[in-house]
Amino acid sequence: MSRMLPVLPLRDAVIFPGMVTRLQVVPPDAVAATELHLQAGVPLLGVPLRTALEEPEPSDLYDVGCTLRVLKAVRLGDGTVRLLLEGLERVRVQKARIDDEVGLVAAARPIAETVVEPARVDLLAQQLRDSLGALITDDKARPPGLSKIAQLEQPPGRLADQVLGNLTLPWVDKVDLLGNGRVDQRLDYAVVAVGRERQLRDLERNVHERIVATMDKQQRDYFLREKIRKLQSELDEGEETGPGKAAWDDMAALRQRVEEAGLPEDHLPEVLREVDRLSRMHPDASEYTVARTWLDWLLAMPWRTGKPENADLPHAKSVLDEDHYGLEKVKDRILEHLAVRQLNPEGQAPVLCFLGPPGVGKTSLGRSIARALGRDFQRVSLGGVKDEAEIRGHRRTYVGALPGRIIHALKRAGSNNPVVVLDEIDKIGRDYRGDPSSALLEVLDPEQNTAFSDHYMDVPFDLSQVLFICTANLADPIPAALHDRLEIIEIPGYIQEEKLQIARRHLVPRQRQAHGLAEAQLRLSDTALDLIIDRYTREAGVRDLDRQLAAVHRKAARQVVEGRKKGQRISDLPQLQKLLGPPRHFPELAERADAPGIAIGLAWTAAGGDILFIEATRYKGPGEGISLKLTGKLGDVMKESAEAALSIVRTRVADLGLSPDDFKGWELHIHVPAGAIPKDGPSAGVTMVTAITSLLTGRRVRSQLAMTGEVTLRGKVLPVGGVKEKVLAARRAGVSEIVLPRENDNDLVDVPAEVRRELTIHLVEHIDEVLALGLEKTESP
């Protein structure tokens, strides 16, 4: 055959000559090839694919195939065609290509069928028939295709093809056999394949018989044990000993423990029935281990075991002051809770949520609260949890099922009124396994947690006496329903004086003890601590400060061990540089804001707050108007703020001493450095207006001034959030003046008084006030 034939790609089955099979054709090209065969009578060429692709290329076809004839075709409503095909002749595929109308087409050359040794071929054919007959006789669930093949009288080559097409063989082997014209080789492979199939069926039958025999033995043992138990009860021998008596004593003790465990009265009969069922099981049975593990969990829970609470307010205050410096608002709230507990011991415990950047002491506050109250403390980390079963537990039907993290924490605590810190509640995920945040609603809601039901325990536990404390870095990721059940207490960060006291009272003594140093071997002056805080860290908390102090103590410990220094006092920057290297942070505001077009903004971050340099420049562009280019990985809100800022400046051309020509043929470029960090939010509006105005007027922005606020197209300055964090960040960066929206005046109450005294804070209502404060009076040279 030299003409081009339509190709039907075969993905799931290799069709041999003489083989009749069903096939559903889905791809459009294959349907087109089938229609051409049915309408024009052109032979159809079935070719196996190297990879099961939906739109195969000519290179994806094997070089062997089989011409096909459609015996029956059924067209379905979705455009697919269900075919009954018959293989005709094995062929070699050549010159495959893609036709625009039909799809894949190829030329086909018949593969001649050769018989090398006729006597051996006849012998192999008879052997194949015998093996096939034995397989059919042994296997009652034999494939129907093999039964028909065994009953037909057909040539050896066709017999081999029929058997090979109906056996489960590797894809590559089937393709090789399709292209093999040697009858003796195909028969040889078929004999081996049928023999292997018989061995597999025998193995499956033996395994099934062993399983049945084992089950019969377990049932027999069960009835024998029941008979022995009844005989022992009838003999009424009270002094017998042995394994049976020990097992019964164990069940009796288990039953007594269940009755004394303090389980809810309405669930106690169900648990006792499980004990009775356990007593009738053999210890080797799989259900015995599941039931006994469940009972052990029930008995390990502190159903009625609680620690007395220390409600002494002076003691609690001294513990909190001893563990944490500052955080007066948090301490006052805890003492208020203790006062309420004294007046109403049966009242519902609140669910506090400490919200703040990393390293401000949220988790350690929970530990201090537990110590002040005299309760047990447990921490449950929820960061990255996506499975609802982590909270509610797995149902006992699953293999390896266990209770959730809440029940685990109560078991470890050993009391029913511990302080449980749910850490990183804002980092809970969700996927197809459920929503853990929704499961937490029952845990944290005082109206529901009196009967918290864990899927594994299946017995409600009263969580109303547990004091839950949550921690989070951000409030936005917390689901609204969960947020509504929390009492948010913000911990924005520490000022430098507070960090100095924390380092002096807590961090330095802890690091000195951890590194085995005596006080005389390393002394850090307040000046050195101030330098570490100011020049080596830039954070809201004290976590990085703790790491830097650990580095100082490590190097000092090495010097002591090597005998280079027996004791040292660190009090200046050169000494610190020998231990910590060059400083990481510098007071560089004046140097970076020394040209027109640069303004300093204030931003809220998860780390507590930071300053942003917004830079603007311009250059000649190709158009008549002015175009805007934004860089620095800005979010959509910040991009819109830049566009609004440009519009505000263009509406004040006369007031700013500009002309329309300043906006013709220019391209304006606004960039926010640290381009690898995503930035977004509306509070950069006034800063962008100031930077653009500074660039166009040539007047520099005052280098010691930072600003924040959202601005409307009418020039009104709107309030923003995170004021305390932004003010503290400005103070850390060395800024002396801040511009804030007037409506944020009430937020300054949360700013420490010493910080307000150090900074000059300007409250503004209109963008004109911002420009009057921010731009220098005279143009820069």
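## Close-up views of a predicted model

**View 1. Helix H9 and its buried side.** In H9, the buried residues are Tyr288, Ala291, Arg292, Trp294, Leu295, Trp297, Leu298 and Leu299. The model shown here and in the views that follow is a predicted one. Helix H9 covers residues 286-300, which makes 15 residues. From its first C-alpha to its last H9 reaches 22 Å, close to the 21 Å expected at 1.5 Å a residue. As a helpful reminder for reading this view, an α-helix has 3.6 residues a turn, so residues three or four places apart point the same way.

**View 2. An open sheet of seven strands.** Follow the strands across the sheet in the order E16-E17-E15-E14-E18-E21-E22, and you will meet mixed pairing along the way. At the edges sit strand E16 (626-631) and strand E22 (760-764), each of which pairs on one side only. On average, neighbouring strands of this sheet are turned by 30° against each other, direction ignored.

**View 3. Strands E16 and E17 side by side.** Here E16 pairs with strand E17 (residues 666-671) in the parallel sense, over six bridges. To find your bearings, look for isoleucine 626, which stands opposite tryptophan 666 in E17.

**View 4. Two helices packed on the sheet.** Helix H23 (residues 685-697) packs on the sheet and touches strand E14 (598-603), strand E15 (610-620), E17 and strand E18 (705-707). The direction of H23 makes about 40° with that of E15. Helix H26 (residues 767-774) packs on the sheet as well, touching E18, strand E21 (737-741) and E22. The direction of H26 makes about 150° with that of E22.

**View 5. Two salt bridges that involve strand E5.** Across the whole structure, a search finds 39 salt bridges. One of them joins the side chains of aspartate 63 and arginine 92, at 3.8 Å from N to O. This pair links distant parts of the chain, 29 residues apart: aspartate 63 is in the loop between strand E3 (44-48) and strand E4 (64-75), and arginine 92 is in strand E5 (residues 81-99). Aspartate 63 is partly exposed at 39% relative accessibility, and arginine 92 is partly exposed at 24%. In another salt bridge, the side chains of arginine 90 and glutamate 113 meet at 3.7 Å, N to O. Arginine 90 lies in strand E5 and glutamate 113 in the loop between strand E6 (103-110) and helix H2 (118-138), so this pair ties together parts that are 23 residues apart in sequence. Arginine 90 is buried, at 3% relative accessibility, whereas glutamate 113 is partly exposed, at 47%.

**View 6. A salt bridge between helices H10 and H11.** Lysine 331 forms a salt bridge with aspartate 321, and their closest N and O atoms are 2.9 Å apart. Lysine 331 belongs to helix H11 (residues 328-343) and aspartate 321 to helix H10 (residues 313-323), ten residues apart. Lysine 331 is buried at 4% relative accessibility, while aspartate 321 is partly exposed at 30%. Elsewhere, salt bridges that share partners join Arg120, Arg182, Asp184 and Asp188 into one network.

**View 7. Cysteines without a disulfide.** The count of disulfides comes to zero. Cysteine 353 is in no disulfide, because the nearest cysteine sulfur, that of cysteine 470, is 5.3 Å away, and a disulfide needs sulfur atoms within 2.5 Å. Cysteine 353 is buried, at 0% relative accessibility. Cysteine 66 counts as buried too, at 1%.

Notes
Residues numbered from 1 in each chain as written. Predicted model: local features only at pLDDT ≥ 70, side-chain atom pairs only at ≥ 80, totals over all residues. Heavy atoms only, no water. Buried < 20%, exposed > 50% of the residue type's maximum accessible area, 1.4 Å probe, protein only. Helix = DSSP H or I, 4+ residues; strand = E, 2+ residues; numbered from the N terminus. Expected span 1.5 Å × (residues − 1). Pairing = 2+ DSSP bridges. Axes fitted to C-alpha atoms, helices over the stretch in contact; angles between N-to-C directions. Contact = heavy atoms within 4.5 Å. Salt bridge = Lys/Arg side-chain N within 4 Å of Asp/Glu carboxyl O.
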